[in-house]
Amino acid sequence: MTSDLQPQNANQVDGEIGRPMTSPETFATYLVMLGGTVVLLIPFAWMLSTSLKPLDEVYAYPIIWIPSRLVLENYLDVFRNVPFGRYLWNSTVLSVLGIIGNMLGSSLAAFSFARLRFPGRTVFFIIMLSTMMVPVWVTMVPTFILFSRLGWLDTYLPILVPNFFAVPFFTFLLRQFFMAVPVEMEEAARIDGCSSFGLFWRIFVPLSVPALATVAIFSFFFHWNDLLGPLIYLRSQLKFPVAMGIASFQSEQYANFALMMAAATMALLPMLVVFFFTQRLFIQGVVITGVKG
Amino acid sequence: MAILPATRRARREALEGYIFLLPWLIGFLLFTAGPLLASLYLGFTTYRGAGAPEWVGLANFVRLFTKDEIFWQSMKVTALYALGFLPPGMVLGFAIALLMNQNVKGVSVFRTIYYLPAVMTGVAVAVLWGFVFHREFGVLNSLLAFLNIEPISWLFDTQWVLVAFILMGLWGVGDGMIIYLAGLQGIPTELYDAASIDGAPRLRRFWNITIPMMSPTLFFVLVTALIRTFQIFTTAFIMTRGGPNYATYFFSLNIYFTTFQSLRFGYASAIAWMLFCLIFALTLILFRSAKWWVFYSGEKEEAT
């Protein structure tokens, strides 16, 4: 698999570390890298192997790494025991709507912070950055009371609605990207009589597809994994997303290794696929928010 | 600061600025500032979700500090976890980034693999690790058996359970790697060249160039990791529910169970504010300490 986990200026070889290594050094480097790889991948390998094993090999000792025959029975059992297909669908709905909300709200606010001048902009920006430090735990109780007063318990609204109101992290990421759009483009569009909204919609959004995609990916990972929101607000099993489904499934089936591993594998698979196909954007996002901040 | 913009165009732009900002402004008021103030108020009341909150003054906080052993326990285990995880996590994460910055073939494949556990988080991974730590059939004990180490009941032994959480945390240590790598590649090559010409040995170049130049990046990663570590929830909720005997009853679990199991909304708000104050104080200390060890090359030239 070709992968590209290189930060932006990867072509630049830096003096100290990029100098040619002697062959024993190269050998040692590979050895360490491989050792780490084995350690990091063992849990995943074990998960996959367990999920595909016939029952008598699951609890065998020493561990049988390669099953004598591959059984998909465990996967089918997951669907027989719980409405797992429904969970997958629910997670998809929550993720897609969450992503749309995040992209919409955050990009509007980011455009304002990056390109429009108004009194108090810096103060608002600093306030926004400092809210990233506020733990969810402090706002949890009043937010829960608010949503239950609105009669939104056991609906997706409490989980989805806040996402449409500019999440600080995404707003920051997009703002950094919008700042880099050349001023000349903006001026040219203004002279042609483009309104601020036109500027945003016809120039900044199309130019920022990579940044928006980065937001979409982070947002996907967040929504796919989110446990706290569903845990607080959802009651009916048929509304559970995968994370919540597995959490409740786990308390009944804790002893059933193969079944749980099959469920975990299926929950992780979409993330794995997204990660492999979007690494470059993923990394770019981390770099933009982390280093250039 | 809030001077009215002079020209009509500027006024128009300001108005548009606020309109575009609305999603954030409304969200900030409804979901951050409002709840923040409300929970501060609730912290001084007893409230069980029905009727009106009853003002009790400092009673919640007095109780927290003087009578509530569970609160101190959750403070203790959260701090122990942070102390046990952050230092090795920082060192290991940086070491991995240095390793991944080597100019060898196929390094990008390794980078992907090392980053993978950091990306794969959440319930499924917590379930997986719950099994990894299983006493009889878990993969960790069966590997330790090769070293003739007796099986450890990781998640059911108060002595070992935090170690288990730290090990699991270290598995995802590739998290900071990408940021470090970007930082490492931003160090000007000339610095190393000059040092080589002056005959500075390798370790010295690392200590006097790499570390100071990387200190802002290290600082950033440390601050974000600290804020996150103090809020650990999902893994503990899935793997132990705070047990055994409150040994992993982290701050977040304490707040969660006080809210949704005991329905003591006022008391839970008081605990949540203590967590907020703790995180705030620690972050402040870190920022204060920055001037002693974080080197911003743009600001002052003193070392060179």
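Tutor: A helix axis here is a line fitted to C-alpha atoms over the stretch in contact, and angles between N-to-C directions run from 0 to 180 degrees. Please keep in mind that this is a predicted model.

Student: Thanks! How are H7(A) and H1(B) oriented to each other?

Tutor: Helix H1 of chain B covers residues 8-42, and its axis lies 8 Å from that of H7(A). The two pack at an angle of about 90 degrees. Angles of 65 to 115 degrees count as roughly perpendicular. The orientation of H7(A) to H1(B) is therefore roughly perpendicular.

Student: Which residues of H1(B) make the contact with H7(A)?

Tutor: From the H7(A) side come A:Val138, A:Thr139, A:Val141, A:Pro142 and A:Thr143. By class, the residues of this contact are eight nonpolar, four polar and no charged. Across from them, H1(B) contributes B:Phe31, B:Thr32, B:Pro35, B:Leu36, B:Ala38, B:Ser39 and B:Leu42.

Student: And H13(B): how is H7(A) oriented to that helix?

Tutor: H7(A) spans residues 136-149 and H13(B) residues 265-293, with axes 8 Å apart and an angle of about 160 degrees. Angles over 145 degrees count as roughly antiparallel. That makes the orientation of H7(A) to H13(B) roughly antiparallel.

Student: Is the crossing of H7(A) and H13(B) left-handed or right-handed?

Tutor: On the H7(A) side, A:Trp137, A:Val138, A:Met140 and A:Val141 take part, and they meet H13(B) residues including B:Phe265, B:Ala268, B:Trp273 and B:Phe276. Ten nonpolar residues, one polar and no charged ones form this contact. As for how H7(A) passes H13(B), the crossing is left-handed.

Student: Let me pick one of those residues. Is B:Ala268 buried or exposed?

Tutor: B:Ala268 sits in helix H13 of chain B. Around it, 27 other C-beta atoms lie within 10 Å. A count of 20 or more is what burial requires, so B:Ala268 is buried.

Student: Which residue of chain A is in contact with B:Ala268?

Tutor: Neighbours within four places in sequence are left aside here. From its own chain, B:Ala268 is in contact with B:Ile255, B:Thr258 and B:Thr259. The partner from chain A is A:Val141.

Student: How many of the ten residues of H12(B) are buried?

Tutor: Helix H12 of chain B runs over residues 251-260, and among its buried residues are B:Phe251, B:Leu253, B:Ile255, B:Thr258 and B:Thr259. Their cover includes H7 of chain A, together with H3 (69-100), H11 (234-239) and H13 of chain B. H12(B) is largely enclosed by the rest of the structure, because the buried residues number eight.

Student: Let's move to the interface as a whole. How many residues of the chain A side are nonpolar?

Tutor: In all, 85 residues of chain A are in contact with 84 residues of chain B. The chain A side includes 22 polar and five charged residues. Its nonpolar residues number 58.

Student: Within chain A, how is H6(A) oriented to H9(A)?

Tutor: H6(A) and H9(A), the latter covering residues 168-179, pack at about 130 degrees with axes 9 Å apart. This angle falls outside the ranges for roughly parallel, antiparallel or perpendicular. That makes the orientation of H6(A) to H9(A) oblique.

Student: Which residues of H9(A) does H6(A) meet?

Tutor: H6(A) brings A:Met128, A:Leu129 and A:Thr131 to this contact. The residues involved divide into four nonpolar, two polar and no charged. On the H9(A) side they are A:Pro168, A:Thr171 and A:Phe172.

Student: What is the burial class of A:Ile127?

Tutor: A:Ile127 lies in helix H6 of chain A, which spans residues 121-131. It has 15 other C-beta atoms within 10 Å. Since buried needs 20 or more and exposed 12 or fewer, A:Ile127 is partly exposed.

Student: Finally, what radius of gyration does chain B have?

Tutor: Chain B has 13 helices and two strands, and its C-alpha atoms fill a box of roughly 80 × 75 × 35 Å along the principal axes. Buried residues make up 40% of its 304 residues. A compact globule of 304 residues would have a radius of gyration near 19 Å, but the value for chain B is 24 Å.

How values were computed:
Residues are numbered from 1 along each chain as its sequence is written. Chains are lettered from A and ligands numbered from 1 in the order in which they are written. This is a predicted model: local features need pLDDT of at least 70, side-chain atom pairs count only at pLDDT 80 or more; totals for chains, interfaces and linings use all residues. Two residues are in contact if their C-beta atoms, placed from the backbone, lie within 7 Å. Ala, Val, Leu, Ile, Met, Phe, Trp, Tyr, Cys and Pro count as nonpolar, Asp, Glu, Lys and Arg as charged, and the others, Gly among them, as polar. Helices (H or I, at least four residues) and strands (E, at least two) are DSSP runs, numbered from the N terminus. Angles under 35 degrees count as roughly parallel, over 145 as roughly antiparallel, 65 to 115 as roughly perpendicular and the rest as oblique. A crossing is left-handed if the near helix is turned anticlockwise from the far one by less than a right angle, and right-handed if clockwise. The radius of gyration is taken over C-alpha atoms; the globule rule is 2.2 Å times the number of residues to the power 0.38.
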